[in-house]
Amino acid sequence: MKKFYLAAFLCAAAFNAQAFDLTSSANKLADGINDTAAAIEAKKAEREAAAEAREQAAAEAKAEREAKAEQAKAELTAKLEAKKAEAQAKIDAAKAKQEAEAAERQAKQEEREQALKNAKDSLSNLKDAFSK
């Protein structure tokens, strides 16, 4: 019977040793799987961060382009307004010159008419003086 117990004890010891080996192997395998999953999650987070950085850079570039476009638009609008003001000033100056020339012509015309009237009056006065 001693031999039976001894054999049973040796079998149990061998089974425990083998089970311990399997548990150790399973733990190593689980650790490897966990490490792989962590590496995959890290790569995924890295890709997401890179995508966010690209999106942020694209948004900043778009905002910069829009700001430049607004600035160019404002500059062109200011130039256009300056050209309009210059053209309006030229138009106003030309109108003022035309009005001044028209007033001068009118004054000369009135002067001529007054001189003609004076000449007619003088002639009429001379006729009256000689006829008396």
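Reader: OK, so helices are DSSP runs of H or I with at least four residues, strands are runs of E with at least two, and both are numbered from the N terminus. How many of each are in the chain?

Author: The chain has one helix and zero strands. Before going on: this is a predicted model, so local features need pLDDT of at least 70 and side-chain atom pairs count only at pLDDT 80 or more, while totals for chains, interfaces and linings use all residues. Residues are numbered from 1 along each chain as its sequence is written, and side-chain values use heavy atoms, leaving out hydrogens and water.

Reader: Got it. How many salt bridges?

Author: Four, taking a salt bridge as a side-chain nitrogen of Lys or Arg within 4 Å of a carboxyl oxygen of Asp or Glu.

Reader: What does Glu86 pair with?

Author: Lys90, with 3.7 Å between the closest N and O atoms. The two sit about one helical turn apart because they are four residues apart in helix 1.

Reader: And Lys84, what's its partner?

Author: Glu81, at 3.9 Å between the closest N and O. Those two are three residues apart in helix 1 (residues 2–131), so again about one helical turn separates them.

Reader: Where's Lys108 in all this?

Author: Lys108 meets Glu104 in a salt bridge, 3.6 Å from N to O. Glu104 and Lys108 are four residues apart in helix 1, so that's about one helical turn.

Reader: Switching to accessibility: is Lys90 exposed or buried?

Author: Exposed, at 56% relative accessibility. Buried means under 20% relative accessible area, exposed over 50%, and partly exposed in between, with a 1.4 Å probe and protein chains only. Its partner Glu86 is partly exposed at 45%.

Reader: What about Lys84 and Glu81?

Author: Lys84 is partly exposed at 46%, and Glu81 is partly exposed at 42%.

Reader: How much of the whole chain is buried?

Author: 0% of the 132 residues count as buried. The chain exposes about 12000 Å², with carbon and sulfur atoms supplying 60% of that; the areas are Shrake-Rupley values with a 1.4 Å probe, and for residues only the protein chains shown count as cover.

Reader: Which residues make the negative patch?

Author: Glu41, Glu48, Glu52 and Glu55. Glu41 lies in helix 1. Patch residues have over 30% relative accessible area and no salt bridge, with like charges joined within 9 Å and nonpolar side chains (Val, Leu, Ile, Met, Phe, Trp, Tyr) within 5 Å. Asp and Glu count as negative, Lys and Arg as positive, and His and the chain ends aren't counted. A charge is placed at NZ of Lys, CZ of Arg, CG of Asp or CD of Glu.
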